[in-house]
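This report walks through one protein chain, part by part. Keep the sequence and the 3D view open while reading.

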Amino acid sequence: MTRLLVAVQRVALAAVRCSSGRPGMFYAVRRGRRAGVFLTWDECREQVDRFPAARFKKFATEKEAWAFVRNSGSPQDSQGRKEERAQEPQAKASKRPREAPAASEEEEEEEPCAKQGKPAPEATAPVGRDSFSYVGEHVVVYTDGCCSRNGRRRARAGIGVYWGPGHPLNVGVRLPGRQTNQRAEIHAACRAIEQARAQSIDKLVLHTDSMFTINGITSWLPGWKENGWRTSAGKEVINREDFVELDRLVQGMDIRWVHVPGHSGLVGNEEADRLAREGAKQPEV
């Protein structure tokens, strides 16, 4: 009987190893194209390969992995990309990061801005294609907007666009016109698309923490146009002019809109946020 139990255990363990490579392994990505916890190395590698300053680590438990992603003091953060170069067998399932709830059509959230250093200058000359990060054929960019005293007097809004560490196209500028958080988010995306067009780039993976912007351009816009630029509740679309501009810019572009959680430690989003805050401190144009 003992030999039979041992044999059954060995078969079960072998089956687990065949399906997941290493039993109980969780791949945590703190900084990468998408933060989260994944069950396969292939899924993890998609997020960190060729991503500047990527931070990821393999854990035996899901709890430890999520603690690392949320930056809760795990000492493993010094692990670099080179640690995980070995090929791992692919499993059937993966753990996806949690999605944030969808924004409403009239959402206006305050995003305080703090003083930072000087924004990087915006380049006008062509930039080499190898200076960008890619997901397949799509160039990766992060955008963010902020507004201190949102909805009140003396509000100050800025927009940030981040292409990579020290990239010549990184920009943080003051938002022209009406100073609100939603306008800043929309016009940060507009600026990134304008820059892409100037560089003859027509495929983008655009990361933003604004579900309002994503929902507006991908879901609500056709209904607004059909309803004479009124929301489903019959109210006038407050950001009509902003979405008209964004709609104009996306024509002929292949854009994958990716929502990222704000202030989650994702380096691209944090850098875009920093640039937006820098821009908000500049004089109004």
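The sections below go from the whole chain to single residues.

## Overview

The model is predicted. Its protein chain has seven helices and nine strands. Of the 285 residues in the chain, 47% are buried.

Many contacts span long stretches of sequence. Take the contacts between residues at least 6 apart in sequence: 72% of them join residues at least 24 apart.

## Helix α2

Start with helix α2, which covers residues 41-48. The helix is mostly covered, with six of its eight residues buried. Those buried residues are Trp41, Asp42, Glu43, Cys44, Gln47 and Val48.

What do they pack against? Three strands: β1 (26-31), β2 (36-38) and β3 (55-59). Just past the end of α2 comes Arg50, with a positive phi of about 65 degrees.

## Around Phe51 and Tyr134

Phe51 sits in the loop that runs from α2 to β3. Is Phe51 buried or exposed? Its relative accessibility is 4%, so Phe51 counts as buried. Phe132 is 81 residues away from Phe51 in sequence, yet their C-alpha atoms lie 9.8 Å apart.

Tyr134 belongs to strand β4, residues 134-135. Tyr134 has a relative accessible area of 19%. The cut-off for buried is under 20%, so Tyr134 is buried. From Tyr134 to Phe51 the C-alpha distance is 8.6 Å, with their positions 83 residues apart in sequence. Leaving aside residues up to four places away in sequence, Tyr134 touches Arg33, Arg50, Arg129, Val139 and Val140. One of these, Arg50, is the residue just after α2 with the positive phi.

## Helices α5 and α6

Two packed helices are described by the angle between their axes and the distance between the axes. Helix α5 spans residues 211-226, and helix α6 spans residues 240-250. They pack at an angle of about 95 degrees, and their axes are 11 Å apart. That angle makes α5 roughly perpendicular to α6.

Which residues meet in this contact? On the α5 side they are Phe212, Thr213, Gly216, Ile217, Leu221, Trp224 and Lys225. On the α6 side they are Phe243, Leu246, Asp247 and Val250. By type, the residues of the contact of α5 with α6 divide into seven nonpolar, two polar and two charged.

## Aromatic rings

How many aromatic pairs does the whole structure hold? A search finds nine. One of the pairs is formed by Trp224 and Trp229, with ring centres 6.3 Å apart. Their planes stand at 35 degrees, so the pair is tilted. Trp224 is buried, with a relative accessible area of 2%. Trp229 is also buried, at 12%.

These two tryptophans belong to one aromatic cluster, made of Phe212, Trp220, Trp224, Trp229 and Phe243. Cluster members Phe212 and Trp224 are also on the α5 side of the helix contact, and Phe243 is on the α6 side. Elsewhere, a charge sits over a ring: Arg30 lies over the face of Phe68, at 4.4 Å from the ring centre.

## Loop residues

Two loop residues stand out by their backbone angles. Arg154 is not a glycine, but its phi is positive, at about 60 degrees. Arg154 is found in the loop between β5 (138-148) and β6 (156-162). With a relative accessible area of 61%, Arg154 is exposed.

Ser200 is the second case, with a positive phi near 60 degrees in a residue other than glycine. The loop that holds Ser200 runs between α4 (181-198) and β8 (203-208). Ser200 is exposed, with a relative accessible area of 58%.

Return to the loop between β5 and β6, where Arg149 also lies. Its relative accessibility is 32%, so Arg149 counts as partly exposed. Arg149 and Asn181 are 32 residues apart in sequence, and their C-alpha atoms are 9.4 Å apart in space.

Key: Residues are numbered from 1 along each chain as its sequence is written. This is a predicted model: local features need pLDDT of at least 70, side-chain atom pairs count only at pLDDT 80 or more; totals for chains, interfaces and linings use all residues. Side-chain values use heavy atoms; hydrogens and water are left out. Buried means under 20% relative accessible area, exposed over 50%, partly exposed in between (1.4 Å probe, protein chains only). Helices (H or I, at least four residues) and strands (E, at least two) are DSSP runs, numbered from the N terminus. Contact means heavy atoms within 4.5 Å. Rings of Phe, Tyr and Trp (its six-membered ring) pair if their centres lie within 6.5 Å; planes under 30 degrees apart count as stacked, over 60 as edge-to-face and the rest as tilted. A charge sits over a ring if NZ of Lys or CZ of Arg is within 6 Å of the ring centre and within 35 degrees of the ring normal. Axes are lines fitted to C-alpha atoms, for helices over the stretch in contact, and angles run from 0 to 180 degrees between N-to-C directions. Angles under 35 degrees count as roughly parallel, over 145 as roughly antiparallel, 65 to 115 as roughly perpendicular and the rest as oblique. Ala, Val, Leu, Ile, Met, Phe, Trp, Tyr, Cys and Pro count as nonpolar, Asp, Glu, Lys and Arg as charged, and the others, Gly among them, as polar.
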